[in-house]
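New to this one? Here's a quick tour to read with the structure open beside you.

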Amino acid sequence: MNNFEITGRINFVDIKYLESGKVYTRVLISEKQKDDTYSTFPITFFNTKSDNTAEKIAETCQKGDYIKAKGKMNVDKFTD
């Protein structure tokens with residue numbers, strides 16, 4: 001199962017419009033750990049043919065907002 005659920009505060013929001021017409025938004029979410037350190041997780045949202053998810057995220061979310069994201073993971077690179 002590659003499902004995930006993460007909650008935390010947004011550190012960074014960046015939207016990119018590509019020449020091909022595709023749009024994606026990159027968000028960095030920080031989650032406080034038990035030992036008072038923070039782990040940062042990058043999440044990328046893409047627009048689909050039926051929904052403008054990436055643009056909605058970029059328009060409504062700002063740095064410092066508390067967010068809960070649910071989704072599926074896709075691994076593009078692997079290093080052992």
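What follows is a short briefing on the core, two residues of one strand, and a pocket. Keep in mind that this is a predicted model. The largest nonpolar core has twelve residues, and strand β2 gives the largest share of that core, with three residues. The two residues picked out below, T25 and S30, sit in that strand too.

**The core**
- The twelve members of the largest nonpolar core are I6, I10, V23, V27, I29, I43, F45, A54, I57, C61, I67 and A69.
- Five elements each put in at least two residues of this core: β1 (3–17), β2, β3 (38–46), α1 (53–60) and β4 (66–72).
- Top contributor is β2, whose three residues make up the largest share of the core.
- One core member to click on is A54, which touches I15, V23, Y24, T25, F45, F46 and N47 once residues up to four places away in sequence are set aside.

**T25, tucked into β2**
- You'll find T25 in strand β2, which covers residues 23–32.
- T25 counts as buried because its relative accessibility is 0%, and buried means under 20%.
- A polar atom of the T25 side chain lies 2.7 Å from the backbone oxygen of A54.
- Skipping residues up to four places away in sequence, T25 touches V13, D14, I15, I43, T44, F45, A54, E55, I57 and A58.
- Among those partners of T25 are I43, F45, A54 and I57, each of which also belongs to the largest nonpolar core.

**S30, on the same strand**
- S30 lies in strand β2 as well.
- With 10% relative accessibility, S30 counts as buried.
- The side chains of S30 and N11 are joined by a polar contact of 2.3 Å.
- Another polar contact, at 3.2 Å, links the side chain of S30 to that of T40.
- Beyond its neighbours within four places in sequence, S30 is in contact with G8, R9, N11, Y38, S39 and T40.

**The largest pocket**
- There's about 610 Å³ of space in the largest pocket.
- Its lining is made of 18 residues, and F4, P42, I43, T44 and K72 are the ones nearest the centre of the pocket.
- Strands β1, β3 and β4 each supply at least two lining residues, and the largest share, six residues, comes from β3.
- Sorted by class, the lining has ten nonpolar, three polar and five charged residues.
- I43 turns up twice in this tour: I43 lines the pocket and is also part of the largest nonpolar core.

Note on methods
Residues numbered from 1 in each chain as written. Predicted model: local features only at pLDDT ≥ 70, side-chain atom pairs only at ≥ 80, totals over all residues. Heavy atoms only, no water. Helix = DSSP H or I, 4+ residues; strand = E, 2+ residues; numbered from the N terminus. Buried < 20%, exposed > 50% of the residue type's maximum accessible area, 1.4 Å probe, protein only. Polar contact = N/O pair within 3.5 Å; in protein donor to acceptor, adjacent residues only side chain to side chain. Contact = heavy atoms within 4.5 Å. Core = buried A, V, L, I, M, F, W, Y, C linked by side-chain atoms within 4.5 Å. 1 Å grid on protein atoms, 1.4 Å probe; cavity = no way out; pocket = protein on both sides within 12 Å on 5 of 7 lines; lining within 4 Å. Points joined across faces, edges and corners; volume = space filled by probe spheres on them. Nonpolar A, V, L, I, M, F, W, Y, C, P; charged D, E, K, R; others polar.
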